[in-house]
Amino acid sequence: MIARVRAGEAEAYAQLVRAHTGVALRAAVAFGAGPDAEDVVQSAFFKAYQSLGRFREGAAFRPWLLRIVVNETRNTVRSAGRARAVAGREAILRGADPVIPESADPAVAALAEERRTLLTAALDELSEEHRRVVTYRYLLEMDEAETAQALGWPRGTVKSRLNRALKKLEKKLGTTADGRGTDRREAGGGEGHE
């Protein structure tokens, strides 16, 4: 596909844009673009097109594009100010495509919204590198290799940082990976070390 774009086939790039717009928007929102997410994505696609000469032959397009999206998002957030970015991110997350169909049980939808709010708050408390690795791996549904490529880290670093980030999230959310609570008072334990 990239070869077709490089050969000047405009429709080939249009296909890439259509195929990756959704994940690019989710990345922009997840990293704080707020109401500017669509502008960020549009700018990222433009920069990606301009930079195709530097795209490594045989590499995956999505991680490469998402690096550009994240950089564009970071620039936008800086220029807009941190307070505006946080408020905008929450608004966009609430306005994102519903994960649960409208026909679903309202109680289930409310519970899902509450979980999403808690998860977003817990993610905001993580360090930048931990928030990025969790977002790429789970919110953007990238596999380990794509995550490593997008972040520019070795796969071992992705694994170790993801492991530490998930443990911190478990602690903040009070659950284990299998969804069980971790109320240490019931188990007779106190606050442990990380």
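The secondary structure of the protein chain amounts to 10 helices and 0 strands. The model is a predicted one. Followed along the sequence, the chain reads α-α-α-α-α-α-α-α-α-α. Of its 194 residues, 36% count as buried. Among contacts in the chain with a separation of 6 or more, 61% join residues 24 or more positions apart.

The interior offers a starting point. The largest nonpolar core has 45 residues, and F61, V69 and Y136 are those with the most contacts inside it. At least two residues of this core come from each of α1 (2-6), α2, α3, α4 (61-80), α6 (106-125), α7 (128-139), α8 (144-151) and α9 (155-173). The largest share, 9 residues, is supplied by α2.

Helix α2 may therefore be considered next, together with its partner α3, since the two are oblique to each other. The axes of α2 (residues 10-30) and α3 (residues 37-50) come within 9 Å and cross at roughly 135°. An angle over 145 degrees would count as roughly antiparallel, and 65 to 115 as roughly perpendicular, so the rest of this range is classed as oblique. The crossing in which α2 passes α3 is right-handed. On the α2 side, the contact is formed by Y13, L16, V17, H20, T21, A24, L25, A28 and V29, which meet A37, E38, V40, V41, F45, A48 and Y49 of α3. By class, the residues of this contact divide into 13 nonpolar, 2 polar and 1 charged. A general property of helices bears on the spacing of such residues. An α-helix has 3.6 residues a turn, so residues three or four places apart point the same way.

The loop between α2 and α3 contains F31. With a relative accessible area of 12%, F31 is buried, because the cut-off for that class is under 20%. Residue N71 lies 40 residues from F31 along the chain, and the C-alpha atoms of the two are separated by 9.6 Å. F31 is also among the contacts of Y136, one of the residues with the most contacts inside the largest nonpolar core.

Y136 leads in turn to helix α7. Apart from its neighbours within four places in sequence, Y136 is in contact with F31, L66, R67, V70, E141, M142, T147, A150 and L151. Within α7, the residues H130, R131, R132, V133, V134, T135 and Y136 are buried.

Helix α7 also packs against α9. The two helices meet at an angle of about 100°, with their axes 9 Å apart, and α7 is therefore roughly perpendicular to α9. In this contact E129, H130, V133, V134, R137 and Y138 of α7 meet V158, R161, L162, R164, A165, L166, K168 and L169 of α9. The classes represented are 8 nonpolar, 1 polar and 5 charged residues. H130, V133 and V134, which take part in the contact with α9, are among the buried residues of α7.

After α7 the chain reaches E141, in the loop between α7 and α8. E141 has a positive phi of about 55° although it is not a glycine. E141 is exposed, with a relative accessible area of 60%, yet this residue is listed among the contacts of Y136, which is itself buried.

Helix α8 packs against α9 as well. The angle between α8 and α9 is about 100° and their axes are 9 Å apart, which makes α8 roughly perpendicular to α9. E144, A145, T147 and A148 of α8 make the contact with R155, V158 and K159 of α9. This contact has 3 nonpolar, 1 polar and 3 charged residues. Two residues link these contacts to others described above. V158 of α9 meets α8 and also takes part in the contact with α7. T147 of α8 meets α9 and is in contact with Y136.

The loop between α8 and α9 holds P154. At 52% relative accessibility, P154 counts as exposed, because that class begins over 50%. P154 and E144 are 10 residues apart in sequence, and their C-alpha atoms are 10.0 Å apart in space. E144 is one of the α8 residues in the contact with α9.

Key:
Residues numbered from 1 in each chain as written. Predicted model: local features only at pLDDT ≥ 70, side-chain atom pairs only at ≥ 80, totals over all residues. Heavy atoms only, no water. Axes fitted to C-alpha atoms, helices over the stretch in contact; angles between N-to-C directions. Helix = DSSP H or I, 4+ residues; strand = E, 2+ residues; numbered from the N terminus. Parallel < 35°, antiparallel > 145°, perpendicular 65-115°, else oblique. Left-handed = near helix turned anticlockwise from the far one by under 90°. Contact = heavy atoms within 4.5 Å. Nonpolar A, V, L, I, M, F, W, Y, C, P; charged D, E, K, R; others polar. Core = buried A, V, L, I, M, F, W, Y, C linked by side-chain atoms within 4.5 Å. Buried < 20%, exposed > 50% of the residue type's maximum accessible area, 1.4 Å probe, protein only.
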